[in-house]
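Trainee: I am new to this structure and would like a close look at a single part of it. Please take the pockets, and then whatever belongs beside them.

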Amino acid sequence: MNFIQATGAGFQKYFDFKTRSMRSEYWWFFLLTQILSIIGNIPIVGWIIGVIGGLAVIIPGISITTRRLHDIGRSGWWQLVYWVVTIVVWIVLIGAFVAGLAVLEDERPWLAGFLFLLTTTASVGAIALIVVWVIWLVRKG
């Protein structure tokens with residue numbers, strides 16, 4: 001499956017959460033989302049294209065990932081676990097950053113050590129989650 005076929009299939013199966021997707025279909029569609037992300041960094045016109053394109057690929061991205069997970073024998077609900085863990089990690093990192101700003105004003109080395117441990121643990125957990133996720137998505141179905 002090539003880029004055009006994969007993106008076409010991704011949009012044709014917009015609300016299909018029950019069938020399967022091949023690796024090539026998933027990764028070509030992933031490439032489309034990354035291209036839209038890069039275009040979104042271009043001022044003015046790119047922002048507009050990035051926002052409209054990003055909104056256009058949200059549901060197909062979820063459905064194609066669900067179908068890809070089905071192809072390797074996993075439930076599509078694993079996406080929810082991935083996003084919840086990602087959001088929790090971001091909350092921890094932002095909270096630790098804000099608390100770290102307060103540590104700069106006070107002299108509490110134990111708090112700085114705790115924040116370092118917390119952010120390191122959250123970061124290692126996020127990296128481990130990404131590694132597992134990529135291993136799942138590149139597996140042969």
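**The pockets and their surroundings**

Mentor: The lining of the largest pocket is made up of 14 nonpolar residues, 5 polar residues and no charged ones. The model is a predicted one, and what follows describes that model. The volume of the largest pocket is about 540 Å³. Its lining has 19 residues, and those nearest the centre are Tyr26, Phe30, Thr33, Thr65 and Trp83. Two or more lining residues come from each of these elements: H2, H4, helix H5 (78-105) and helix H6 (109-138).

The second largest pocket holds about 190 Å³ of space. Its lining consists of Phe17, Ile62, Thr66, His70, Gly76, Trp77, Gln79, Leu80 and Trp83. H4 and H5 are the elements that give two or more residues to this lining. By class, the lining of the second largest pocket has 5 nonpolar and 4 polar residues, with no charged ones. Trp83 is listed among the residues nearest the centre of the largest pocket, and Trp83 also lines the second largest pocket.

Two residues from that second lining, Phe17 and Ile62, lead to the surface. Phe17 and Ile62 belong to a nonpolar surface patch of about 650 Å², together with Phe15, Val51, Leu55, Ile58 and Ile59. At least two residues of the patch come from helix H3 (45-56), and at least two from H4. The most is given by H4, with 3 residues. One patch member, Ile58, lies in helix H4. With a relative accessible area of 43%, Ile58 is partly exposed, because a value that is neither under 20% nor over 50% falls in between.

Charged residues are missing from both pocket linings, but H4 does carry some that pair. Side chains of opposite charge can pair when their charged atoms come close. The structure holds 3 salt bridges.

In one of them, Arg67 pairs with Glu25, and the closest N and O atoms are 3.3 Å apart. This pair links distant parts of the chain, with Arg67 in helix H4 and Glu25 in helix H2, 42 residues apart. Arg67 is buried, at a relative accessible area of 0%, and Glu25 also counts as buried, at 2%.

Another salt bridge joins Asp71 to Arg68, with 2.6 Å between the closest N and O atoms. Both residues lie in helix H4, 3 residues apart, which is about one turn of the helix. Arg68 is buried, with a relative accessible area of 0%.

Asp71 also forms a salt bridge with Arg20, where the closest N and O atoms are 3.7 Å apart. Here again distant parts of the chain are linked: Arg20 sits in the loop between helix H1 (3-12) and helix H2 (23-39), while Asp71 is in helix H4 (residues 58-71), 51 residues away. Arg20 is exposed, with a relative accessible area of 52%, whereas Asp71 is buried, at 15%. Arg20, Arg68 and Asp71 are thus linked in a network of salt bridges.

To draw this together, H4 appears in each part of the account. H4 gives two or more residues to the lining of the largest pocket and likewise to that of the second largest. H4 gives the most to the nonpolar patch. Helix H4 also holds Arg67, as well as Asp71 and Arg68.

Note on methods:
Residues are numbered from 1 along each chain as its sequence is written. This is a predicted model: local features need pLDDT of at least 70, side-chain atom pairs count only at pLDDT 80 or more; totals for chains, interfaces and linings use all residues. Side-chain values use heavy atoms; hydrogens and water are left out. A salt bridge is a side-chain nitrogen of Lys or Arg within 4 Å of a carboxyl oxygen of Asp or Glu. Helices (H or I, at least four residues) and strands (E, at least two) are DSSP runs, numbered from the N terminus. Buried means under 20% relative accessible area, exposed over 50%, partly exposed in between (1.4 Å probe, protein chains only). On a 1 Å grid over the protein atoms alone, a cavity is a set of points where a 1.4 Å probe fits but cannot get out, and a pocket is an open set with protein on both sides within 12 Å along at least five of seven lines; lining residues have an atom within 4 Å of a point. Grid points are joined across faces, edges and corners, and a volume is the space filled by probe spheres set on the points. Ala, Val, Leu, Ile, Met, Phe, Trp, Tyr, Cys and Pro count as nonpolar, Asp, Glu, Lys and Arg as charged, and the others, Gly among them, as polar. Patches are made of residues with over 30% relative accessible area and no salt bridge: like charges are joined within 9 Å, nonpolar side chains (Val, Leu, Ile, Met, Phe, Trp, Tyr) within 5 Å. Accessible areas come from the Shrake-Rupley method with a 1.4 Å probe; for residues, only the protein chains shown count as cover.
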